[in-house]
Amino acid sequence: MALSLPTHGQAAWDSPGLNEWLLAHQSGRFNAKIYGAVGNGTTNDPAAVQAAINAASVAGGVVVIPAGTYLINQLTISVSGLTIQGQGWGGVYGGGSIMGTTLKLASGTNDHAIKFTPPGS
């Protein structure tokens with residue numbers, strides 16, 4: 001995100017999603033899509049989901065993962081009291097559409113997808 005200063009002295013952000021990012025930090029609800037998660041079942045999303053987890057861990061709040069399928073190979077949660085909230089109903093219905101949030105293990109992941117570590121470790 002870059003900050004540019006126009007000649008008339010008002011700051012202008014040239015990054016889409018700034019309002020959503022500011023709202024997340026004010027409301028305590030950190031939407032993984034604001035951090036770049038796609039949730040289409042083919043894009044590898046761990047970095048974006050982890051960024052939302054990290055932001056909520058520092059600021060305190062809820063990680064919101066909207067309906068979709070998120071490929072992940074590893075997420076680390078090292079704070080107590082963190083809430084991760086999906087949306088909608090899980091599973092595949094009717095014509096094969098996802099009606100809720102699914103975290104799907106990425107191909108080639110042989111260990112674990114979500115690692116819980118004690119705070120401070």
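How many bridges join strand 4 to strand 6, and do these strands run parallel or antiparallel? In this predicted model, two bridges link strand 4 with strand 6, and the two strands run parallel. One residue pairing can be named here, since N40 has T69 in strand 6 as its bridge partner.

Both strands belong to an open sheet of three strands, ordered 4-6-11 and paired in parallel fashion. Its edges are formed by strand 4 (40-44) and strand 11 (101-105), each of which pairs on one side only. On average, and with direction ignored, neighbouring strands of this sheet are turned by 25° against each other.

The largest nonpolar core comprises 17 residues, and those with the most contacts inside it are A32, A37, V49, I53, V63, I65 and L82. The elements tabulated below each supply at least two residues of this core, and helix 2 gives the most, with six residues.

| Element | Residue range |
|---|---|
| Helix 2 | residues 46-59 |
| Strand 5 | residues 62-65 |
| Strand 6 | residues 68-72 |
| Strand 7 | residues 75-77 |

For V63, once neighbours within four places in sequence are left aside, the residues in contact are F30, A52, I53, A56, L82, T83, I84 and Q85.

A further site is G36, which lies in the loop between strand 3 (29-31) and strand 4. G36 counts as partly exposed because its relative accessibility is 44%, a value between the limits of 20% and 50%. Leaving aside neighbours within four places in sequence, G36 is in contact with D45 and A48; the C-alpha atoms of G36 and A48 are 5.1 Å apart, although twelve residues separate the two in sequence.

Technical notes:
Residues are numbered from 1 along each chain as its sequence is written. This is a predicted model: local features need pLDDT of at least 70, side-chain atom pairs count only at pLDDT 80 or more; totals for chains, interfaces and linings use all residues. Side-chain values use heavy atoms; hydrogens and water are left out. A nonpolar core is a set of buried Ala, Val, Leu, Ile, Met, Phe, Trp, Tyr and Cys residues joined through side-chain atoms within 4.5 Å. Buried means under 20% relative accessible area, exposed over 50%, partly exposed in between (1.4 Å probe, protein chains only). Helices (H or I, at least four residues) and strands (E, at least two) are DSSP runs, numbered from the N terminus. Contact means heavy atoms within 4.5 Å. Two strands pair if DSSP finds at least two bridges between them. Axes are lines fitted to C-alpha atoms, for helices over the stretch in contact, and angles run from 0 to 180 degrees between N-to-C directions.
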